[in-house]
Amino acid sequence: MKKEMVDTRVPQIIILYWIIKIASTTLGETGADMFSMTFQFGYASTIIIFMTIFLLFFAVKLSLKRYEPLTYWLTFTATAIVGTAISDFIDRSLGLGYAVGSLILLSLLGMVLYFWHKKDSSLSVEKVFTTSSEVYYWMAFLIANTLGTAAGDFLADDLGIGFVQSATLISLVLISLVVMNYYTKVSKVFLFWLAFVLTRPFGATFGDLLTKPIEQGGLDLGTIGASSFFMLVLIFALFLEINYEKINHYRKRMFNK
């Protein structure tokens with residue numbers, strides 16, 4: 001009897017994944033600030049709104065039991081916006097600060113990854129086949145996005161490094177992780193989670209660079225303009241992913257002529 005093939009519920013980790021991820025996380029930063037500050041919804045209301053949106057997309061994503069790009073990245077973008085609002089709520093509303101918030105979130109992420117690994121004996125983010133594994137997957141992503149925001153704000157604000165310097169520092173670390181991925185035997189899963197967390201503060205600091213006033217080291221483009229720009233970038237990147245197989249097929253045909 002032929003064994004039925006089961007599709008993974010998540011995307012492959014290729015360069016296009018990281019491009020969409022960074023665009024999505026930057027949109028998460030500017031979008032959360034747009035709702036919480038520009039539209040004056042406040043952090044708590046923004047969290048409630050986008051946590052509700054996340055849970056709706058999450059329910060649809062679980063019901064599909066396969067990878068579908070649009071639903072996946074809508075769910076992901078919702079976690080990015082919620083993560084930014086939660087991070088700001090911890091720091092500004094609860095007054096715990098980004099350093100304490102980062103430690104709390106790091107502990108929570110460690111717990112989720114521990115129980116995920118205990119259940120599946122793996123933390124692979126490309127081979128997610130069951131509902132329970134996908135639940136752990138999205139719990140980890142939500143916490144990691146929140147942690148990345150807190151870490152980025154800690155670097156830029158609490159340590160006074162600034163947005164440009166923080167983005168540059170994180171970029172150098174990310175480049176080193178890429179080198180380690182190809183030229184060392186360090187666990188690729190471990191490197192993925194480091195890169196995943198760090199691309200979040202990269203997006204956050206880049207978003208702050210675009211939206212913050214000039215006197216604070218930003219470019220003062222505003223949250224609405226920056227969010228609109230990254231929405232267009234995200235739409236274009238999603239178009240590329242949805243049509244990736246076709247584009248790759250045509251590319252091979254052209255170069256093989």
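**Exercise 1. Surroundings of T46**

Find which residues T46 touches in this predicted model, leaving aside its neighbours within four places in sequence, and decide whether T46 is buried or exposed.

*Solution.* Start by placing the residue: T46 sits in helix 2. Next, list its contacts beyond four places in sequence, which are A32, F35, S36, F41 and A85. Then turn to the side chain, where a polar atom of T46 lies 2.7 Å from the backbone oxygen of G42. Last, check the accessible area: the relative value for T46 is 1%. Buried requires under 20%, so T46 is buried.

**Exercise 2. Length and setting of helix 1**

Work out what span helix 1 should have at 1.5 Å a residue, and compare it with the distance between its end C-alpha atoms.

*Solution.* Helix 1 covers residues 15–38, which makes 24 residues. The expected span uses one less than the number of residues, and this gives 34 Å for helix 1. The end C-alpha atoms are 33 Å apart, which agrees. Now look at the setting: 18 of the 24 residues are buried, so helix 1 is largely enclosed by the rest of the structure. Finally, step past the end of the helix, where Q40 takes a positive phi of about 60°.

**Exercise 3. The largest nonpolar core**

Identify the residues with the most contacts inside the largest nonpolar core, and say which helix gives the most to this core.

*Solution.* The largest nonpolar core has 58 residues, and those with the most contacts inside it are Y17, Y72, W116, Y137, F141 and W193. Going through the helices, each one from helix 1 to helix 8 supplies at least two residues of this core. Helix 5 gives the most, with 10 residues. To see the packing up close, take F141: leaving aside neighbours within four places in sequence, F141 is in contact with Y17, Y72, F76, V125, F192, W193 and F196.

**Exercise 4. The largest pocket**

Find the volume of the largest pocket and the lining residues closest to its centre.

*Solution.* The volume is about 730 Å³. Of the 24 residues that line the pocket, the closest to its centre are I13, W18, N181, F192 and A195. As for helices, helix 1, helix 6 and helix 7 each supply at least two residues of the lining.

**Exercise 5. I235 and a distant partner in sequence**

Determine how far apart the C-alpha atoms of I235 and L70 are.

*Solution.* Begin with I235, which lies in helix 8. Along the chain, I235 and L70 are 165 residues apart, yet their C-alpha atoms are separated by 9.5 Å. To finish, I235 has a relative accessible area of 48%, so it is partly exposed.

Terms used. Residues are numbered from 1 along each chain as its sequence is written. This is a predicted model: local features need pLDDT of at least 70, side-chain atom pairs count only at pLDDT 80 or more; totals for chains, interfaces and linings use all residues. Side-chain values use heavy atoms; hydrogens and water are left out. Helices (H or I, at least four residues) and strands (E, at least two) are DSSP runs, numbered from the N terminus. Buried means under 20% relative accessible area, exposed over 50%, partly exposed in between (1.4 Å probe, protein chains only). A nonpolar core is a set of buried Ala, Val, Leu, Ile, Met, Phe, Trp, Tyr and Cys residues joined through side-chain atoms within 4.5 Å. Contact means heavy atoms within 4.5 Å. A polar contact is a pair of N or O atoms within 3.5 Å; within protein, one must be able to donate a hydrogen and the other to accept it, and residues adjacent in sequence count only if both atoms are side-chain atoms. On a 1 Å grid over the protein atoms alone, a cavity is a set of points where a 1.4 Å probe fits but cannot get out, and a pocket is an open set with protein on both sides within 12 Å along at least five of seven lines; lining residues have an atom within 4 Å of a point. Grid points are joined across faces, edges and corners, and a volume is the space filled by probe spheres set on the points.
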